[in-house]
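Subject: Structure for you to look at

Dear colleague,

Here is the structure we spoke of, with its sequence, for you to open alongside this message. My notes on it follow below.

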Amino acid sequence: MWIDSNAYIGHWPFRQVKNSSCRDLIERMDANDISASVLTNINGIFYKDTQAANKETYEEIRCNRKWEERLIPFAVINPVYSGWREDLHESIENLGMKGVRIFPKYHRYGLDLPACVELVKRCRDLEVPVGLTLRMVDSRPSSWLDISNEWKLSDVMPIVKAVPDAKFMVLNLSGSTHLETEDLDLFKKGDVFMDTSGRNVLDLRGLMDTFGEEKFGFGTHSPILDYKTGALRIASLREDEADAQTRANLQSGNIKRFLGL
């Protein structure tokens, strides 16, 4: 079994993104033997009212009840927007969202913003994870209208320190993964999950040795990135680097535990 922990629907405003609907995602999953996908609506990054994107996701999944068994939606919440508390409640309690994604770089706030800390604490109390993305797209060939600065792993530590007992997903590891000793100890103790899509997951075995095997799992960051690389990083592990159980955990076991599936 394979579960994709990092997939998207929706449109990217600065370049054409194909295969951007739930139907497209299900077709990719079927073609690649993927059992389930955690998905986020890209539109929520760019809509002023992120809840409109969350409702789009909900309505699209409702189009086919069979999809509900395979698609695991996360809500995009912007704590700068005045109605975010109501959006969070509606998303989790009424729309059936299984987690929250935040995009501080695009929504122009810091992780030390009091409303952001409050949001993460509310997610902790609701027992749902908060997803942070180190990079959405490579800034080098991106549009001049897009943001140009990207995160390193150390950049997410302020919110981990502020709410250490929350559940965090750190996705698309594209910048430096170095942490100072004190931060590394806190990160390793926390309930954190990271996916295999980012360009800095070249030495997956080394990252697992540093952070813990249980903190990693398959992710694609598709359709922005290709659908194969995240899986190939698991498949390319040598027999002495990963036994059958470790591979099964990377394919689906770790994300199932993390999300309580």
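Is Asn-172 buried or exposed? With a relative accessibility of 2%, Asn-172 counts as buried, and its place is in the loop between E6 and helix H8 (181-189). Please keep in mind throughout that this is a predicted model.

Backbone

Asn-172 also has a backbone feature to look at, since its phi is positive, at about 55°, although the residue is not a glycine. Most residues other than glycine have a negative phi, and most peptide bonds are trans. His-221 is another residue other than glycine with a positive phi, in this case near 55°, and it lies in the loop between E8 and H10, where its relative accessibility of 0% makes it count as buried. In the loop between strand E8 (216-217) and H10 you will also find Pro-223, which is joined to Ser-222 by a cis peptide bond with an omega of about 5°.

Aromatic rings

The structure holds nine aromatic pairs. In one of them, Trp-12 and Phe-46 meet edge-to-face, with 5.1 Å from centre to centre and 85° between the planes. Because Trp-12 belongs to the loop between strand E1 (3-9) and helix H1 (22-31) while Phe-46 belongs to helix H2 (residues 43-46), this pair ties together parts that are 34 residues apart in sequence. Trp-12 is buried, at a relative accessible area of 5%, whereas Phe-46, with 31% relative accessibility, counts as partly exposed.

Phe-46 also forms an edge-to-face pair with Tyr-106, for which the centres are 5.6 Å apart and the planes stand at 75°. As Phe-46 is in helix H2 and Tyr-106 in helix H5 (residues 104-107), the pair ties together parts that lie 60 residues apart in sequence. Tyr-106 is buried, its relative accessible area being 16%. Ring pairs link these residues into a cluster made up of Trp-12, Phe-14, Phe-46 and Tyr-106. Elsewhere, an aromatic ring is met by a charged side chain: Lys-167 lies over the face of Phe-258, at 4.2 Å from the ring centre.

Salt bridges

There are 16 salt bridges in the structure. One of them joins Arg-85 to Glu-118, with 2.9 Å between the closest N and O atoms. Since Arg-85 lies in helix H4 (residues 84-94) and Glu-118 in helix H6 (residues 114-126), this pair ties together parts that are 33 residues apart in sequence. Both residues are partly exposed, Arg-85 at 32% relative accessibility and Glu-118 with a relative accessible area of 25%. A network of salt bridges links Arg-85, Glu-118 and Arg-122.

Helix H6 takes part in a further salt bridge through Arg-124, whose partner is Asp-165, the closest N and O atoms being 3.3 Å apart. Asp-165 lies in the loop between helix H7 (157-162) and strand E6 (167-171), so the pair ties together parts that are 41 residues apart in sequence. Here Asp-165 is exposed, with a relative accessible area of 52%, while Arg-124 counts as partly exposed at 28% relative accessibility. Arg-238 and Asp-240 form another salt bridge, in which the closest N and O atoms are 3.0 Å apart; Arg-238 counts as partly exposed at 47% relative accessibility, and Asp-240 is exposed at 62% relative accessible area.

Helix H3

How far apart are the end C-alpha atoms of helix H3? They are 19 Å apart, which agrees with the 18 Å that the 13 residues of this helix (residues 50-62) should span at 1.5 Å a residue, because the expected span is 1.5 Å times one less than the number of residues. Its buried residues are Thr-50, Gln-51, Ala-53, Asn-54, Thr-57 and Ile-61. Seen down the axis of H3, these buried residues fall within an arc of 160°, so they line one face of the helix. At the start of H3, a side-chain oxygen of Asp-49 comes to within 3.1 Å of the backbone nitrogen of Gln-51.

A last loop residue

Leu-237 sits in the loop between helix H10 (229-235) and helix H11 (244-259), and at 7% relative accessibility it counts as buried.

With best wishes

Technical notes: Residues are numbered from 1 along each chain as its sequence is written. This is a predicted model: local features need pLDDT of at least 70, side-chain atom pairs count only at pLDDT 80 or more; totals for chains, interfaces and linings use all residues. Side-chain values use heavy atoms; hydrogens and water are left out. Rings of Phe, Tyr and Trp (its six-membered ring) pair if their centres lie within 6.5 Å; planes under 30 degrees apart count as stacked, over 60 as edge-to-face and the rest as tilted. Helices (H or I, at least four residues) and strands (E, at least two) are DSSP runs, numbered from the N terminus. Buried means under 20% relative accessible area, exposed over 50%, partly exposed in between (1.4 Å probe, protein chains only). A charge sits over a ring if NZ of Lys or CZ of Arg is within 6 Å of the ring centre and within 35 degrees of the ring normal. A salt bridge is a side-chain nitrogen of Lys or Arg within 4 Å of a carboxyl oxygen of Asp or Glu. The arc is that of the directions from the helix axis to the C-beta atoms. A polar contact is a pair of N or O atoms within 3.5 Å; within protein, one must be able to donate a hydrogen and the other to accept it, and residues adjacent in sequence count only if both atoms are side-chain atoms.
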